[in-house]
Amino acid sequence: MNKRHFVTSALMAAVVSGVVSQASAQQVASTDPSAVKAGTYKVEPYHTQVGFTLSHMGFSNFSGFFTGASGSLTIDPAHLSATSLDVTIPVQSVDTTVPKLDGELKSAQWFDAGQFPNATFRSTRVVRTGANTANITGNLTLHGVTKPITLKARLIGSGTNPLDKMFTVGFEATGTIVRSQFGVKQYVPLVGDDVTLTIAGAFELQQ
């Protein structure tokens, strides 16, 4: 086999593999909201992330994320308004891929992780906005300050995880907070006050 044929074969194999992987994923998880099982779910921390993005002096939009979430979700697709969500995020988990900056963000000048080790979100109202979307309003506690925020959530999929055999449901949610309102004022307005949140949430049904 010459080099050109080898490269072509490799590319075809990669494409086929990608198609097969995508098809397998679609077979595992359903995007149909009615496929979500009613019950109480536990946060699956390894695939749950809270991403944040803010302006860095107007030069770039800089991002980082928090991990290690814990908490619960109680949901019934037939009675979505009764949904209850309670999530805790350890502030020490902040990761921007810049170790020096991570240390600064944990300090008293920013999040003050020593005094305020956790951020929490507890839902107060859920309103369906589409076949697979909803607005989740709740109280966010950050840096010792509690304020209401609304997250726009979208169902990603649900089904039985083939690895651990747990019935899992996943959502994506977005929202915006003003960090100075939570007492995190360092470098405002040089560094953006508005912070965009992008959340990937995975939950496992508890039997």
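**Salt bridges, aromatic pairs and a nonpolar patch**

Arginine 154 is partly exposed, with a relative accessibility of 35%. The model is predicted. Its cut-offs for partial exposure are 20% and 50% relative accessible area, so arginine 154 falls between them. The arginine 154 side chain meets that of glutamate 172 in a salt bridge, at 3.4 Å from N to O. This pair links distant parts of the chain: arginine 154 lies in strand 8 (residues 145-160) and glutamate 172 in strand 9, 18 residues apart. Glutamate 172 is also partly exposed, because its relative accessible area is 32%.

The whole structure holds 2 salt bridges. Aspartate 86 and arginine 122 form one of them, with an N to O distance of 3.2 Å. Here strand 5, which holds aspartate 86, is linked to strand 6, which holds arginine 122; the two residues are 36 apart along the chain. Aspartate 86 has 26% relative accessibility and counts as partly exposed. Arginine 122 has 43% and falls in that class too.

Aromatic contacts were examined next. A pair of aromatic rings is described by the distance of the centres and the angle of the planes. The count comes to 5 aromatic pairs. One of them joins tyrosine 41 and phenylalanine 167 in a tilted arrangement, with 6.5 Å between centres and 50 degrees between planes. Tyrosine 41 belongs to strand 1 (residues 39-43) and phenylalanine 167 to strand 9 (residues 167-178), so the pair ties together parts that are 126 residues apart in sequence. Both tyrosine 41 and phenylalanine 167 are buried.

Phenylalanine 66 and phenylalanine 111 form an edge-to-face pair, with centres 5.6 Å apart and planes at 75 degrees. The angle is over 60 degrees, and therefore the pair counts as edge-to-face. Phenylalanine 66 sits in strand 3, whereas phenylalanine 111 sits in the loop between helix 2 and strand 6 (118-128); 45 residues separate them. Phenylalanine 66 is buried at 10% relative accessible area. Phenylalanine 111 is buried at 11%. Together with Phe52, these residues, Phe66 and Phe111, form one aromatic cluster.

At the surface, Met57, Phe59, Tyr187 and Leu190 make a nonpolar patch of about 490 Å². Two of its members, methionine 57 and phenylalanine 59, occupy the loop between strand 2 and strand 3. That loop joins strand 2 (49-56) to strand 3 (60-66). Phenylalanine 59 is exposed, with a relative accessible area of 71%. Methionine 57 is partly exposed, at 38% relative accessibility. Tyrosine 187 comes from the loop between strand 9 and strand 10. Tyrosine 187 is partly exposed, with a relative accessible area of 49%.

Backbone geometry was also considered. Most residues other than glycine have a negative phi, and most peptide bonds are trans. Methionine 57 has a positive phi, near 60 degrees. Tyrosine 187 has a positive phi as well, near 65 degrees. The peptide bond from valine 188 to proline 189 is cis, and its omega is near 5 degrees. Proline 189 lies in the loop between strand 9 and strand 10 (194-205).

Valine 98 completes the survey. Valine 98 is placed in the loop between strand 5 (84-90) and helix 2 (99-106). Its relative accessibility is 34%, which makes valine 98 partly exposed. The C-alpha atoms of valine 98 and glycine 64 are separated by 9.4 Å, although the residues are 34 apart along the chain.

How values were computed. Residues numbered from 1 in each chain as written. Predicted model: local features only at pLDDT ≥ 70, side-chain atom pairs only at ≥ 80, totals over all residues. Heavy atoms only, no water. Patch = residues over 30% accessible without salt bridge, like charges linked within 9 Å, V, L, I, M, F, W, Y side chains within 5 Å. Areas by Shrake-Rupley, 256 points an atom, 1.4 Å probe, with all protein chains shown as cover. Salt bridge = Lys/Arg side-chain N within 4 Å of Asp/Glu carboxyl O. Helix = DSSP H or I, 4+ residues; strand = E, 2+ residues; numbered from the N terminus. Buried < 20%, exposed > 50% of the residue type's maximum accessible area, 1.4 Å probe, protein only. Phe/Tyr/Trp six-rings, centres within 6.5 Å; stacked < 30°, edge-to-face > 60°.
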